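Please open the structure in a viewer and keep the selection panel at hand. The tour below proceeds from one selection to the next.

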Amino acid sequence: MSIFSKKRDLIMRLTYRVAELEERLCPCESHDWKRTGFSIVGETGKGDGVDLYSYKCARCGKTMKSIQPFLDR
């Protein structure tokens, strides 16, 4: 077994472990998203920028960015 396959196996095991722990904290992807901020991306000065909202789950700490402003509960 080469070193690359060992690293790939380790990465896959850890990825599955993270997914398992996230499922325990927030089952069925039922995160409690809280908006932490927003930024405007792609702005050229002509009003063509897109709002990019930052969210963080209050339970598990997972973060995400979205163009959808309605994820707050």
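In what follows, a residue is called buried under 20% relative accessible area, exposed over 50%, and partly exposed in between, with a 1.4 Å probe and protein chains only. The model is predicted, so local features need pLDDT of at least 70 and side-chain atom pairs count only at pLDDT 80 or more, whereas totals for chains, interfaces and linings use all residues. Residues are numbered from 1 along each chain as its sequence is written, and side-chain values use heavy atoms, with hydrogens and water left out.

**First stop: helix α1**

Select residues 3-25, which make up helix α1. Helices (H or I, at least four residues) and strands (E, at least two) are DSSP runs, numbered from the N terminus. Within this helix, display the side chains of R17, E20 and R24, which are linked in a network of salt bridges. A salt bridge here is a side-chain nitrogen of Lys or Arg within 4 Å of a carboxyl oxygen of Asp or Glu.

The bridge between E20 and R17 has an N to O distance of 3.4 Å; these two residues are three apart in the helix, about one turn. The bridge between E20 and R24 has an N to O distance of 2.9 Å. E20 and R24 lie about one helical turn from each other, because they are four residues apart in helix α1.

Is R24 buried or exposed? R24 has a relative accessible area of 59% and is therefore exposed. E20, at 35% relative accessibility, counts as partly exposed, and R17, at 39%, is likewise classed as partly exposed.

**Second stop: strand β1**

Move next to residues 33-41, strand β1, and select K34. K34 forms a salt bridge with D32, in which the closest N and O atoms are 3.7 Å apart. The structure holds four salt bridges. With 38% relative accessibility, K34 counts as partly exposed. Add S54 to the selection: K34 and S54 are 20 residues apart in sequence, and their C-alpha atoms are 8.5 Å apart in space.

G37 is also found in strand β1 and is partly exposed, with a relative accessible area of 24%. Which residues does G37 touch, not counting those up to four places away in sequence? They are L52, Y53 and S54, where contact means heavy atoms within 4.5 Å. For a long-range distance, select S5 together with G37: they are 32 residues apart in sequence and 40 Å apart in space, C-alpha to C-alpha.

**Third stop: the nonpolar core**

Now select C26, W33, Y53, Y55 and C57, the five residues of the largest nonpolar core. Such a core is a set of buried Ala, Val, Leu, Ile, Met, Phe, Trp, Tyr and Cys residues joined through side-chain atoms within 4.5 Å. Strand β2, residues 50-57, gives the most to this core, with three residues.

Centre the view on Y53. Leaving aside neighbours within four places in sequence, its contacts include R35, G37, F38, M64 and I67.

**Fourth stop: the cysteines**

Keep C26 and C57 displayed and add C60. How many disulfides does the structure hold? It holds zero, a disulfide being a pair of cysteine sulfur atoms within 2.5 Å. The sulfur of C26 has its closest cysteine sulfur in C57, at 3.6 Å, which is too far for a bond. The sulfur of C60 also has its closest cysteine sulfur in C57, at 3.7 Å, and this is again too far for a bond. C26 counts as buried, at 1% relative accessibility, whereas C60 is partly exposed, with a relative accessible area of 22%.

**Last stop: a surface patch**

Finally, select V41, V50 and I67, which form a nonpolar patch on the surface with about 240 Å² of accessible area together. Patches are made of residues with over 30% relative accessible area and no salt bridge; like charges are joined within 9 Å, and nonpolar side chains (Val, Leu, Ile, Met, Phe, Trp, Tyr) within 5 Å. Accessible areas come from the Shrake-Rupley method with a 1.4 Å probe, and for residues only the protein chains shown count as cover. I67 is found in the segment after β3 (63-66) and, at 58% relative accessibility, counts as exposed.
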